[in-house]
Amino acid sequence: MAKSGGRGNIPEPRSPMVIQPDVELRLKHNSRLPIHSLPAELFLQVVHYDLQPFLKNNYWGYYSHVIGLSGVCSHWYNVIRDSPPIWTQIHSSDSHNIVEMALQMSSSHLIDIKISAVRDQEHIQRFVNAILSHRTRWRSLDAFTASPSMSLLTTALNEPALNLEKLSLTDRDTMSSNDEVDLFGGTTPKLKDLTLNGVSARWDNEVVHGLKSINLSYIHFPSTKTVLDILSHSPQLQRAIVWRCTTASRFTNSSYSIQLSQLSSLQIDLGSLEAIDNVLASLKGSDRSCLSMPLFAGENVGGFLRSRVAGWTSNWNVTPTFQLGGLQLDINSSGLQMGILTPSHPEPLTFTIEGLRINGSELLVAFSFVVDTLVSWAKESAMMHLKLGYSPSIYPFYEVATQGIFVNELSRLPTITSLEIVSIGNGSLAEILIREGASSVFRNVCALSFSDLDASDLPETLEPLSHIVRFIKAATESSLDEVDRKPQLQKVELRLYSPVDLDMVKSVEVAVKELEGVVGPGTVFVINGY
């Protein structure tokens, strides 16, 4: 092992005492390889790109790969050794020697720390002790652990972290936390992104001030006023999640108001519709603020939705955007989402209803309300994008008793010109509609897409895909005798969630040819790894 500037040790590349002629030839050959002619900065970009899969995989094997690269040759060894940014990923799953080496090799650069409960308590304690002396270099800290390890960690987080930008603490065991931890003595001047899941902080602590993103889950708050105060301390807030939380009391000051003009998304769940309503009554977002909330069994679902959608559209000034684009309805296994599509924004403006905690009849009330709302929003020329996943699990629309109701409700929607099918097979809403012969739902579809497809599964899914395309094409041609009516289906997209390797190309080509035989040449497009 060789030291590098006193910063740490990585394995030296092996060098023989006497260089044999064939070895010398290989060394000369290697020195002339194009990659060795790259400037060090460009070569490092190649190394960083090679390391990206390990970063996406929670750092597993990251440093084993770094050390492997450094052993290729002396040039690679020297460049990697002398590049602190490569060594800034600190993971509790690594051995103590690797952690200490990375902390030293990263020099004075900011570090990103990941803690997971993959080792025993003694290992976690040793890891925490190692990183504490580098507290001023913390850029992000992400911990997902059991309660004992989380308690150990939060006890240690009692001093300022001056460069911390992102903090995520998830206690995987705690379903409702009210132990208020005094994080960092209230001093994290650069913190903009905070996640506390099963971990409760002191809410008057300045750690929760000036945030752009906040995610609070499985926490018991003293009052809905506490939630409002937390949000009010971050006027530049862009994304807020308060989910699976509860409150002990309600706030009664009707004149209290908070304006979050940059809010793009709010997910709120405080255990009851009353508590949610209590917070939203004092909160105003922007005309681009998406809203998501659950419904609860035994409560007035219809009345609550009418009140909340009215508040969303009027108090948040959403109404003017209705005139700018089309509409969207997404039905999936967790609930319903209605949206507004605007040409000036890539993402729709959405109102989402999570329906996992209500009974079947209540979900039907919510579904009927959503359809009524979309109909009331639609102008005469409004276009509709329908996205179909699996049937909501709480009240499966594939049950005989509800299939007719489901089809009738969908038939009331504004003109559906775009259809996205996220799943096929048992429980698929598209399959239900086809079994019911619901041609009227699809008669105006111009663009059809299938999402989340796996290229390796195409040989098995091609037959049901083809069946769906044939049905929808027939539906669009069912009334060609009407005045000025023309065939509608013009484009089919296959959206593959992963890149296509060489072994899968043939399957993709076969699928495209099969579907073009149904719709027509040049009508089927493949979107790869979207």
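**Aromatic rings, strands and two unusual backbone angles**

Tyr 62, Tyr 63 and Trp 87 come together as one aromatic cluster. The model they belong to is a predicted one, and the cluster is a handy way into it. Across the structure, 9 aromatic pairs were counted. One of them joins Phe 251 and Tyr 256: the ring centres sit 5.2 Å apart and the planes meet at 85°, so this pair is edge-to-face. An angle over 60 degrees is what earns that label. How much of each partner can be reached from outside? Phe 251 has a relative accessible area of 16%, so it counts as buried, since the cut-off for buried is under 20%. Tyr 256, at 22%, is partly exposed.

Another edge-to-face pair is made by Phe 442 and Phe 471, with 6.1 Å from centre to centre and 90° between the planes. Here the pair ties together distant parts of the chain: Phe 442 is in helix 14 (residues 439-442), Phe 471 is in helix 15 (residues 458-476), and 29 residues separate them. Phe 442 is buried, with a relative accessibility of 1%. Phe 471 is buried as well, at 17%.

Stepping back to the whole protein chain, the secondary structure adds up to 16 helices and 25 strands. Of the 530 residues, 51% are buried. The accessible surface is about 24,500 Å², and carbon and sulfur atoms supply 51% of that surface. What about contacts between parts of the chain that are far apart in sequence? Among contacts with a separation of 6 or more, 71% involve residues 24 or more positions apart.

Strand 6 (residues 166-171) gives a closer look at how strands are arranged. Because 5 of its 6 residues are buried, strand 6 is largely enclosed by the rest of the structure. Which strands does strand 6 pair with? One is strand 5 (residues 138-145), which pairs with strand 6 in the parallel sense over 6 bridges. Within this pairing, Asp 142 has Ser 168 of strand 6 as its bridge partner. Another is strand 8 (residues 193-197), parallel to strand 6 and joined to it by 5 bridges. In that case, Lys 166 stands opposite Asp 193 of strand 8. There is also a helix to fit into the picture: strand 5, helix 7 (residues 147-156) and strand 6 together make a right-handed β-α-β unit.

Finally, the backbone has a couple of spots worth a look. Most residues other than glycine have a negative phi. Tyr 218 goes the other way, with a positive phi near 55°. Where does Tyr 218 sit? Its place is the loop between strand 10 (213-217) and strand 11 (220-221). With a relative accessible area of 23%, Tyr 218 is partly exposed. Asp 452 also has a positive phi near 55°, and it is not a glycine either. Asp 452, though, is found in strand 23 (residues 447-453). Its relative accessibility is 43%, so Asp 452 counts as partly exposed.

Definitions and conventions:
Residues numbered from 1 in each chain as written. Predicted model: local features only at pLDDT ≥ 70, side-chain atom pairs only at ≥ 80, totals over all residues. Heavy atoms only, no water. Helix = DSSP H or I, 4+ residues; strand = E, 2+ residues; numbered from the N terminus. Buried < 20%, exposed > 50% of the residue type's maximum accessible area, 1.4 Å probe, protein only. Contact = heavy atoms within 4.5 Å. Areas by Shrake-Rupley, 256 points an atom, 1.4 Å probe, with all protein chains shown as cover. Pairing = 2+ DSSP bridges. Right-handed = clockwise from strand over helix to strand, strands pointing away. Phe/Tyr/Trp six-rings, centres within 6.5 Å; stacked < 30°, edge-to-face > 60°.
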